[in-house]
Amino acid sequence: MTEASTESIEVLALDDAPGVGPPPESDAELWRAIAADGPEAHAAFTELFQRHAEAVWNYAYRLTASWAQADDLLSTAFLNAWRTRGRAVLTRDSARPWLFTVTARLARDERRTGARLAALRQRLSRTTPERDHADVVADGDFAERRLRRVVQAVDRLPRSEREIVRLCLLGEVSTADAARLIGIAEASVRARMSRARARLRVLIKEDSDD
């Protein structure tokens, strides 16, 4: 009787021990769950993010030497993963090579954009008697000032609305995708977008009046 009881206790302890149980899903399995876009998609995406976010951020920082840019690249890389679900295909069991490839492409695009902006600013700083060039200078300067006002206004929104605006307005993510990504109802996304648009109109007008 004593030996049987001891054996039962040992089996129970083994079953309840930390780390014992089914093995975690592979990245490929998570990727398929995300692509299926079913009820498990959001949880699978969250798990994928938790697995690789730190590595992707470190990689982005090595590419840019900027904490802010690394943050932006991390967000954009995973946003890209969500938006291309069902279309992007993993060539390996791990999603990390794919995420690194996307991050590197995004960083390269940002560098090219920065170089083009620097060249544009240099051109705009030159004076010329040509009327068409003067129009380009005026239009470029106006567009840059307006974009700066919009970005500054977005930064002044409440956090919940700011996140929605960056996804849906600046990132062109659908309200349905934003709802899945954030984990709230699509109706809530639409309501926040409506409030954010109203606030933005006021904030941008105030900045213009100043």
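**Exercise 1. Describe the overall make-up of the protein, beginning with its surface.**

*Solution.* The protein exposes about 13,900 Å², and carbon and sulfur atoms supply 53% of that area. The structure is a predicted model. Next, consider the interior: of the 210 residues in the protein, 31% are buried. The secondary structure comprises 9 helices and 0 strands. Along the sequence this gives the pattern α-α-α-α-α-α-α-α-α. Finally, take the contacts with a separation of 6 or more: residues 24 or more positions apart account for 62% of them.

**Exercise 2. Determine which parts of the chain are joined by the salt bridge between aspartate 37 and arginine 85, and classify both residues as buried, partly exposed or exposed.**

*Solution.* Step one is the distance. The closest N and O atoms of aspartate 37 and arginine 85 are 3.3 Å apart. A salt bridge requires such atoms to lie within 4 Å, so the pair qualifies.

Step two is the location. Aspartate 37 belongs to the loop between helix H2 (27-36) and helix H3 (41-64), whereas arginine 85 belongs to the loop between helix H4 (67-83) and helix H5 (96-124). The two residues are 48 residues apart, and the pair links distant parts of the chain.

Step three is accessibility. Buried means under 20% relative accessible area, and exposed means over 50%. Arginine 85, with 14%, is therefore buried. Aspartate 37, at 29% relative accessibility, counts as partly exposed.

**Exercise 3. Examine the salt bridges formed within helix H3 by glutamate 47 and arginine 51 and within helix H5 by arginine 105 and aspartate 109.**

*Solution.* Begin with a general principle: side chains of opposite charge can pair when their charged atoms come close. A second principle concerns helices: an α-helix has 3.6 residues a turn, so residues three or four places apart point the same way.

Now apply these to helix H3. Glutamate 47 and arginine 51 are 4 residues apart in this helix, about one turn. Their closest N and O atoms are 3.0 Å apart, and they form a salt bridge. Glutamate 47 is partly exposed at 30% relative accessibility, and arginine 51 is partly exposed at 26%. The pair also belongs to a wider arrangement, for Asp27, Glu47 and Arg51 are linked in a network of salt bridges.

Turn next to helix H5. Arginine 105 and aspartate 109 lie 4 residues apart, again about one turn of the helix. The closest N and O atoms of this salt bridge are 3.9 Å apart. Arginine 105 has a relative accessible area of 33% and is partly exposed; aspartate 109, at 31%, is partly exposed as well.

In the whole protein, the count comes to 7 salt bridges.

**Exercise 4. Locate the residues other than glycine, aspartate 37 and alanine 65, that have a positive phi, and state the surroundings of each.**

*Solution.* Aspartate 37 has a positive phi of about 60° although it is not a glycine. Its place is in the loop between H2 and H3. For alanine 65, phi is near 60°, also a positive value. Alanine 65 sits in the loop between H3 and H4. With a relative accessible area of 59%, alanine 65 is exposed.

**Exercise 5. Identify the buried residues of helix H8 and describe the residue just after H8.**

*Solution.* Helix H8 spans residues 175-182, and its buried residues include Thr175, Asp177, Ala178, Ala179 and Leu181. Just after H8 comes glycine 183, whose phi is positive, about 90°.

Conventions
Residues are numbered from 1 along each chain as its sequence is written. This is a predicted model: local features need pLDDT of at least 70, side-chain atom pairs count only at pLDDT 80 or more; totals for chains, interfaces and linings use all residues. Side-chain values use heavy atoms; hydrogens and water are left out. A salt bridge is a side-chain nitrogen of Lys or Arg within 4 Å of a carboxyl oxygen of Asp or Glu. Buried means under 20% relative accessible area, exposed over 50%, partly exposed in between (1.4 Å probe, protein chains only). Contact means heavy atoms within 4.5 Å. Accessible areas come from the Shrake-Rupley method with a 1.4 Å probe; for residues, only the protein chains shown count as cover.
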